[in-house]
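Student: I am new to this structure and would like to take a close look at a single part of it. Could you please guide me through one place and then relate that place to the chain around it?

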Amino acid sequence: MKKIIVLLLLTVGCCLWAVPADAAKKKQVKQLSDREYWCQEAYKMAQPVLENMAKGELQQNMKTEFSPSFDNRNRKVVYMETFGRLMAGIAPWLSLPDDDTPEGLQRRQLREWALASYKNSVDPQSPDYLCWGVSGQNLVDAAYIAESFIRAYDALWVPLDEVTKQRYISEFKKLRSIEPPYTNWFLFSSVIESFIAKAAGLKEYDDFRVMMTIRKVEEWYVGDGWYADGPVFAFDYYSSYVFHAMYLETLQNMIDAKANTRLEYKKYYDRALKRAQKFSIILERFISPEGTFPVIGRSTPYRLAAMQPLALIAWYQKLPSDLSNGQVRAALTQVMHRMYDQQQNYNDGGFLTIGFCGSQPETADWYTNNGSLYMTSLSLMPLGLPADHDFWTCEAQPWTQVKAWGGQPFPKDHRWADDIQTRDRW
């Protein structure tokens, strides 16, 4: 009888541990490193957009999707949203020097497509000339295009021919006719104008739009890394989507342009960087042991754009002492696996579909189209660190929630107060 029981247990055990045929096949597939996985996801996201746009065929071939409650703005904004937001996220990656690795070859191809796409987007004779100036929405996505130039100035702006550069400066200036709402939109104006100052000279930019934005952003800072989206605080991810990155980039552009105004831009920048570092700590703590994070506020279909400040500070190599490269990479990678591996985030044309984790059209706001969703690329900025950087080569480490829920030591979290004071210079 004992022998029978033992045989039964062994048989059950074999059944429980037997590897299904499809799983066995998967095991034979080479396990991707974290960087290879990130590159795979970046290329999957970018290739359908840039390959089509480089040939002037994006508007012809893109399978678009709009919110069920989409407002009456010109629907062609979808193409500018797609291109601008995608490029803002992958620009750091495309700024790396060429090499003959599989990643390097993909990166070079994407950069070539991107440069052709930039040219087409401001060429009135191209079928993919973007709908500059037909909607207030253009101010938003022109800012993301400018942001892509900021993030890869030598790789994406400098190589453009002079006609294309002048067309961009001209289109950017025309957007001054758009009156931004009293919200994060001020930063779209400041990013564009500060980029003009850097790229075209101080005589060409609108100083007031930059100065007013800086003063308003300072008024809207509510503490501990959070910005209110205008005079009233909302618990959402707009500190991630817009504030931290575009504020730092506005200030850095003014430093690069050597602007001499009432404001000491370097002090403002240093203070804003500390705020972004604190917010990075908060975002990292939002990531659960399973790789999920709270779904809060509006614009949730922007997906991993919620993690932009954490990705930005990692790319800047300015992570605070509480965050190691190993834990940030491990945490973000786990979120990507949780979001991208099982759910259907792309339509049958290869373009992102409306949703947070999969196709969830009910998550859309009145301004959402599937071009809006390319904001998720903003989480990919650490790809701008070379493959041999410690961010990619160090051992993966448990992030804060893994430590906390696993009974391991983890750092305490306290309020960060501003310790840099700024006063007008005269």
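Tutor: Let us begin with Ser239. Leaving aside neighbours within four places in sequence, Ser239 is in contact with Gly225, Trp226, Tyr227, His244, Phe279 and Pro309. The model is a predicted one, and the values below are computed from it. Ser239 belongs to helix α12, which covers residues 238-256. Its relative accessibility is 1%, so Ser239 counts as buried, the limit being under 20%.

The partners of Ser239 lead to other parts of the chain. Trp226 and Tyr227, both in contact with Ser239, bring us to strand β2 (226-227), which a loop separates from β1 (221-223). Asp224 lies in that loop. The phi of Asp224 is positive, near 55°, although the residue is not glycine. Most residues other than glycine have a negative phi. With a relative accessible area of 21%, Asp224 is partly exposed, whereas Ser239 is buried.

Another partner of Ser239 is Pro309, which is one of the buried residues of helix α14. This helix runs over residues 308-315, and 8 of its 8 residues are buried. Besides Pro309, the buried residues include Gln308, Leu310, Ala311 and Trp315. They pack against α5 (77-94), α7 (137-151), α12, α13 (265-286), α15 (325-340) and α16 (390-393). Helix α12, where Ser239 lies, is thus among the elements that α14 packs against.

The two sides of α14 also deserve attention. In the loop between α13 and α14 lies Ser299, whose phi is positive, near 65°, in a residue other than glycine. Ser299 has a relative accessibility of 0% and counts as buried. After α14 comes Gln317, and its phi is positive as well, near 60°.

Helix α5, one of the packing partners of α14, takes us further. Val77 is placed in α5 and is buried, with a relative accessible area of 0%. Not counting neighbours within four places in sequence, Val77 is in contact with Phe70, Cys131, Ser135, Gln137, Asn138 and Asn369. The C-alpha atoms of Val77 and Gly136 are separated by 9.7 Å, while their positions lie 59 residues apart along the chain as a sequence separation.

The largest nonpolar core has 140 residues, and those with the most contacts inside it are Leu50, Tyr118, Trp132, Ile145, Tyr168 and Phe172. To this core α5 gives the most, with 12 residues. Beyond four places in sequence, Trp132 touches ten residues' worth of surroundings that include Met80, Asn138, Ile145, Tyr168 and Phe172. Asn138 is also in contact with Val77.

Finally, consider the whole chain. The chain has 17 helices and 2 strands. Its radius of gyration is 23 Å, close to the 22 Å that the globule rule gives for 426 residues, so the chain is as compact as a globular protein of that length. The C-alpha trace spans about 95 × 50 × 45 Å along its principal axes. Of the 426 residues, 57% count as buried, and Ser239 is one that does. Among contacts between residues at least 6 apart in sequence, 76% join residues at least 24 apart. The chain exposes about 18700 Å², of which carbon and sulfur atoms supply 54%.

How values were computed:
Residues are numbered from 1 along each chain as its sequence is written. This is a predicted model: local features need pLDDT of at least 70, side-chain atom pairs count only at pLDDT 80 or more; totals for chains, interfaces and linings use all residues. Side-chain values use heavy atoms; hydrogens and water are left out. Helices (H or I, at least four residues) and strands (E, at least two) are DSSP runs, numbered from the N terminus. The radius of gyration is taken over C-alpha atoms; the globule rule is 2.2 Å times the number of residues to the power 0.38. Buried means under 20% relative accessible area, exposed over 50%, partly exposed in between (1.4 Å probe, protein chains only). Contact means heavy atoms within 4.5 Å. Accessible areas come from the Shrake-Rupley method with a 1.4 Å probe; for residues, only the protein chains shown count as cover. A nonpolar core is a set of buried Ala, Val, Leu, Ile, Met, Phe, Trp, Tyr and Cys residues joined through side-chain atoms within 4.5 Å.
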